[in-house]
Structure formats: structure tokens, C-alpha cells
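The exercises below are meant to be worked through with the sequence and the model side by side. Try each task before reading the solution that follows.

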Amino acid sequence: MKKCASLLLLTVLLARVAGAETPEEKGLAIANEVDRRNQGYADMVVAMTMTLIDARGKTDERKLDLKALEVTAADDGDKALLVFNQPRDVAGTALLTATHIQAEDDQWLYLPALKRIKRISSSNKTGSFMGSEFSYEDLAPQEVRKYQYKFLRHEPCGALRCLVVEVYPGYKNSGYAKLINWIDDQEYRSQKIAFYDTANQLLKTLTAEGYRQYLNQYWRPDTLMMVNHKNGKGTRLTFGEYRFKTGLKDNDFAPAALQRGR
């Protein structure tokens, strides 16, 4: 018995020396590498077009701007501000998100018709954002420590080869039981994400296309396409030229900034 126990201990030690990882450890390592490659961007500004596509293929187009701020505090995450410019009936509508590591994220919506700022409660973040197939939850910057991870497999994804990672939200009131993320193993860019609802049924799929590299480091897609498999609708986000390190400050992302728009 002692001999068997010694052999088992030796096997465990050898596995550790060889750098063996559990699926959970490997999944977390991949997520950390994705995050590491995106650090140091300071801030980002980009113009966007949001196209709503109904189940019959009819489209409705909107123009908006996205601003993001990198936050380096240990207990806080990045911030993002979305402002609609067109059409006239939604112009000035703005969504501000401030992510947190330990606490629930903060989100505020400014509705110009009502001239007031509405705080989005954590229980309402699963709802559709402005009639799109993106929820409020989807639009929050993703922080590694708010999730748990499990590496599933390698597999081809188009012309690339992807690391497939299962992702579990670690916060309350998520609209998802899990996400499955396909990340290419060369540049660690998310190529596709499958969203599973709380009944563990496939709800939506997000596909990224047209990646371009900025400042010799930051990869960003030209297009994000979200398809809802339950209602047959879709939302396409098309991005213009990304600009980084523009000098944005924390007060540009205060709730009072919602009424200022740009």
C-alpha cells in the first residue's frame, strides 16, 4: 500500500513539474492572456453603426459613438459610454457602464425625452438594449475576475485554429448559465461567442469579423453580429476607425456626463 501511495505521489509531482494544468486552470490562463494583450490602451473612441434586423430581414439603422476608459484600480474595472446620434428620435440617448470586480456593475441610461438619468438595476440588465439583440449585460466591459473558466478543446474556426473555453458568470442576476468562447490561438482574439440562457439552452451567437490591429498591439473587429436563435432577429454593429489614448479622463464617465452626450 505504501508503495502504491508513493507511486501516486510521484505521479502527481511529475505532473506538476511538467506544467500540467486542469481545464479550469488552462481556461483562466487563456482569459488572462487575452486580458494581458489588451492592457495599456488608456482610452478608446470609435464611431459605430447599429443595424437592427427583424425576423423577415427588415433593417433599422442607428448611429452612435462609443468611448471606453481603462481603469487600473485593483477593485474596479473599465468604463464605457455609448451615445446615440441618429436617428432623431433616439439622438442623445446614452448608456454609461462602470464595472466592478467585487460588486455589481453600475449602469445608467439617459433618456433625453424625459430629461432624466435612470439607473439600471442588476435585475434588469438582462433586458434588450434599445430594441437590439444585445442586453445591458452584453455591453459591459468584460473583467476576467468576474467569471470562471474551463478549457474544452482545440478546433478549427474558419482559416484559424481556436481555443474553445467555457465561461461561467460569477455574479448574481446574469441572464446566462454559460458562454462558450472561440479564441484564435495566434492573437487571442474572440472569434465567436455562444450564449446559453438560464435553462442552459442556446440563446444567441455573437460573431466577430474584420479584425484590424492598432498601435501594433490592439486588435479590434470591424463588425460584430449578434443573432438571436429564439426570435430570429439580429443586430449588427459596424465600427469605424478606432482611436486610442485620446486623453479621456474619469470625469468624462461620471453620470453627469450622460446629459452632456459627447
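**Exercise 1.** How many helices and how many strands does the chain have?

*Solution.* Bear in mind from the start that this is a predicted model. Going along the chain from its N terminus, one finds three helices and 16 strands. As for the overall extent, the C-alpha trace spans about 75 × 45 × 40 Å along its principal axes, and of the 262 residues of the chain, 45% count as buried.

**Exercise 2.** Work out whether the span of helix H2 agrees or disagrees with its number of residues, and then find where its buried residues lie.

*Solution.* Helix H2 covers residues 23-36, which makes 14 residues, and at 1.5 Å a residue these should span 20 Å. The end C-alpha atoms are 20 Å apart, so the expected and the actual span agree. Next, list the buried residues of H2, which are Gly27, Ile30, Ala31 and Glu33. Seen down the axis of the helix, these residues fall within an arc of 160°, and therefore they line one face of H2. Finally, look at what covers them: the cover includes strand S7 (147-157), strand S8 (160-169) and strand S9 (176-184).

**Exercise 3.** Which residues touch the most other members of the largest nonpolar core?

*Solution.* The largest nonpolar core has 47 residues, and within it Met44, Met48 and Phe129 touch the most other members. The largest share of this core, five residues, comes from strand S1 (residues 43-53). To follow one of these residues further, set aside the neighbours of Met48 within four places in sequence; its remaining contacts include Leu64, Leu66, Leu82, Leu237 and Phe239. A second, separate core of twelve residues includes Val45, Leu69, Val83 and Phe253.

**Exercise 4.** Which parts of the chain are tied together by the pair Asp105 and Lys146, and by the pair Asp106 and Arg119?

*Solution.* Begin with the distance between Asp105 and Lys146, whose closest N and O atoms are 3.4 Å apart, in a salt bridge. Asp105 lies in the loop between strand S4 (94-100) and strand S5 (106-111), whereas Lys146 lies in the loop between strand S6 (116-119) and S7, so the pair ties together parts that are 41 residues apart in sequence. Both Asp105 and Lys146 are buried. Turn then to Asp106 and Arg119, whose side chains meet in a salt bridge at 2.3 Å, N to O. Because Asp106 lies in strand S5 and Arg119 in strand S6, this pair ties together parts that are 13 residues apart in sequence. Asp106 has a relative accessible area of 18% and is buried, since buried means under 20%.

Key. Residues are numbered from 1 along each chain as its sequence is written. This is a predicted model: local features need pLDDT of at least 70, side-chain atom pairs count only at pLDDT 80 or more; totals for chains, interfaces and linings use all residues. Side-chain values use heavy atoms; hydrogens and water are left out. Helices (H or I, at least four residues) and strands (E, at least two) are DSSP runs, numbered from the N terminus. The expected span of a helix is 1.5 Å times one less than its number of residues. Buried means under 20% relative accessible area, exposed over 50%, partly exposed in between (1.4 Å probe, protein chains only). The arc is that of the directions from the helix axis to the C-beta atoms. Contact means heavy atoms within 4.5 Å. A nonpolar core is a set of buried Ala, Val, Leu, Ile, Met, Phe, Trp, Tyr and Cys residues joined through side-chain atoms within 4.5 Å. A salt bridge is a side-chain nitrogen of Lys or Arg within 4 Å of a carboxyl oxygen of Asp or Glu.
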